[in-house]
Amino acid sequence: MSDKYRAISDLASSTARSVTSSAGRYMSFLTTAANNHKYSFRDQLLIHAQKPSATACAELKTWNRLGRWVNKGTAGIALLTDTGKLRHVFDLSDTNSRAGHEISRWHMKEQYEDRVTEALENSFGALGGYGDFPVDLMAIAAAVAEDNLPDYLDMLRSVKHGSLLEELDELNLEVWLKGTVTGSVSFMLLQRCGYELGDYIIDEDFVHVYDFNTPETIAVLGTAVSDISETILRQIELTVRFLEKEERKQIRTFANSEQARDNTAKENERSDSHGADIPSGGRIPVSGPERAGDAGTREVRPAAEGLPSQTPRGDIHGHDALGDAERALGGDGQTGSREG
C-alpha cells in the first residue's frame with residue numbers, strides 16, 4: 001500500500017468520524033452526498049472532504065468524451081479502489097469547453113410533481129395521498145427504509161460492540177437506526193430536488209447520529225442511507241429527464257409551427273402585392289421534430305415488489321451529457337462502481 005493510498009484511507013476514516021460528531025456537520029455531508037448520490041458512501045466521504053461543493057463528478061476521460069476539459073492545474077478528487085490504487089475524479093466546476101459543450105443537471109419542477117409521484121407509487125407503493133410533494137418524498141423515504149431495515153439492522157448488531165449503541169436493547173437499536181436513516185434519506189431527496197429543507201428537516205431528526213461513533217457503525221449507517229437514497233433518486237431522475245425531453249420536443253414543435261406560419265404570411269404578402277395568386281411552391285420549410293441524437297453496494301428492495309411500474313422507458317437519456325457524466329460517478333470500470 002502506497003503512502004498516498006494510506007493517507008486517503010485515513011482521510012476517509014477521519015471524515016466519517018467528523019461528520020457524525022454533530023448534526024450540522026452531518027447535514028453538510030448529506031448535502032454533498034445528495035449531489036453525488038451515485039457514488040458509494042466511502043466515495044461520498046472523500047468527495048466531501050476534498051470538495052464539499054462538488055455537484056457532478058467524473059473521471060478525466062469521461063469529461064473529454066463529453067467535450068469538456070479539466071482546467072489547468074486542477075487537483076483531482078482522490079478516491080480509493082479495492083485494488084490498492086487511487087483514482088481521480090473532477091467536478092463539473094473544474095472543467096471548461098471551448099466548443100461550448102454545456103452539461104445539464106436534471107431539475108425538479110413543480111409541474112413534474114404529479115408525474116413523479118405517480119412513478120414513485122408505481123415503484124414503491126401508494127403514498128396515502130398527502131398532496132404535498134415534499135411530504136410524499138419523506139413518506140417514500142420512510143417506506144423504503146422500513147422495507148430494507150432488517151438487512152442493515154443485522155449488520156449493525158454484529159458491529160455495535162465498542163460504540164455508544166452497544167448498551168441499547170433490540171427495540172431501541174432498531175428505533176435509532178430507522179429514525180436516523182429515514183431522516184437522512186428524506187434530507188437527501190429534498191436537497192437534490194431543490195426544496196426548502198427548513199420547512200421539513202430539523203436538527204432533532206439527527207439526535208442519534210452521535211451514537212454511531214465507530215468506523216463500523218458509521219459504515220452501516222452511511223451505506224444504508226447511500227443505497228436507499230440512490231434507488232429513489234434514480235427513479236426520480238428517469239421520470240424528470242423524460243419530462244424534460246418531452247418539453248424540449250414541444251418547444252421545437254411550437255417553434256417550427258410559428259416559423260411555418262411566418263413563411264406563409266410572407267408568401268401571401270408577396271402574392272397580394274403583385275395582384276396574383278402565386279403559389280408558395282416548396283419555399284415553406286417542412287415542419288417536423290428534429291432528429292434526436294443517439295447518445296461494496298447492497299441491493300435495495302422496493303417497498304412494494306411486484307407492482308407494475310409505469311415509469312417511462314426507452315430512450316430517456318438520449319445524448320444527455322450529464323446523464324453520462326453522472327453514470328460515471330464511481331464507475332468507468334474501476335472497483336467501487338455504483339453502476340449495475
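1. Phe 206 touches Ala 23, Tyr 26, Met 27, Leu 30, Thr 180, Gly 183, Ser 184, Phe 187 and Ile 201, with residues up to four places away in sequence left out of the count. The model is a predicted one, and the remarks below should be read accordingly. Phe 206 is also among the residues with the most contacts inside the largest nonpolar core, together with Met 108, Leu 137, Leu 177, Val 181, Ile 232 and Ile 236.

2. That core holds 58 residues. Two or more residues come from each of α1, α2 (23-35), α3, α5 (113-124), α6 (133-159), α7 (170-193) and α8. The leading contributor is α8, which gives 12 residues. A second core, separate from this one, has 13 residues and includes Tyr 5, Ala 12, Cys 57 and Ala 78. As background, nonpolar side chains in soluble globular proteins tend to be buried together.

3. On the overall layout, the chain contains 9 helices and 5 strands. Starting from the N terminus, the order of elements is α-α-α-β-α-β-β-β-β-α-α-α-α-α. Of the 340 residues in the chain, 46% are buried.

4. An open sheet is formed by 3 strands in the order β1-β4-β3, with antiparallel pairing. Its edges are β1 (57-58) and β3 (77-80), each of which pairs on one side only. Between β3 and β4 (residues 86-91), which run antiparallel, there are 4 bridges. Within this pair, Ile 77 is opposite Val 89, and Leu 80 is opposite Leu 86. The hairpin of β3 and β4 has 5 residues between the strands, and Gly 84 adopts a positive phi near 85° there.

5. Is β3 covered on one face or on both? Both faces are covered. Ile 77 and Leu 79 are buried on one side, and Ala 78 and Leu 80 are buried on the other. Ala 78 also belongs to the second core.

6. Two helices lie across strands of this sheet. Helix α1 (residues 3-19) lies across β3 and β4 and runs at about 90° to β3. Helix α3 (residues 41-50) lies across β1, β3 and β4, and its direction is at about 155° to β3.

7. These two helices also pack on one another. The axes of α1 and α3 come within 9 Å and cross at roughly 85°, and the two helices are therefore roughly perpendicular. On the α1 side the contact is made by Ile 8, Leu 11, Ala 12, Thr 15, Ala 16 and Val 19, and on the α3 side by Arg 42, Leu 45, Leu 46, His 48, Ala 49 and Gln 50. Of the α1 residues, Ala 12 is also listed in the second core.

8. Helix α3 has a further partner in α2. Their axes come within 9 Å, with a crossing of roughly 110°, which makes α2 roughly perpendicular to α3. The crossing is right-handed. Ser 28, Phe 29, Thr 32 and Ala 33 of α2 make the contact with Phe 41, Gln 44, Leu 45, Ile 47 and His 48 of α3. Leu 45 and His 48 take part in the contact with α1 as well.

9. How do α5 and α6 lie relative to each other, roughly parallel or roughly perpendicular? Their axes cross at roughly 15° and come within 11 Å, so α5 is roughly parallel to α6. This crossing is left-handed. In the contact, Glu 113, Val 116, Thr 117, Leu 120 and Phe 124 of α5 meet Phe 133, Asp 136, Leu 137, Ile 140 and Val 144 of α6. Leu 137 is also one of the residues with the most contacts inside the largest core.

10. A final point concerns Asp 227, which is found in helix α8 (residues 215-273). Is Asp 227 buried or exposed? Asp 227 has a relative accessible area of 4% and therefore counts as buried, since the cut-off for that class is under 20%. Asp 227 and His 37 are separated by 190 residues in sequence, while their C-alpha atoms are 8.6 Å apart in space.

Definitions and conventions
Residues are numbered from 1 along each chain as its sequence is written. This is a predicted model: local features need pLDDT of at least 70, side-chain atom pairs count only at pLDDT 80 or more; totals for chains, interfaces and linings use all residues. Side-chain values use heavy atoms; hydrogens and water are left out. Two strands pair if DSSP finds at least two bridges between them. Contact means heavy atoms within 4.5 Å. Axes are lines fitted to C-alpha atoms, for helices over the stretch in contact, and angles run from 0 to 180 degrees between N-to-C directions. Buried means under 20% relative accessible area, exposed over 50%, partly exposed in between (1.4 Å probe, protein chains only). A nonpolar core is a set of buried Ala, Val, Leu, Ile, Met, Phe, Trp, Tyr and Cys residues joined through side-chain atoms within 4.5 Å. Angles under 35 degrees count as roughly parallel, over 145 as roughly antiparallel, 65 to 115 as roughly perpendicular and the rest as oblique. A crossing is left-handed if the near helix is turned anticlockwise from the far one by less than a right angle, and right-handed if clockwise.
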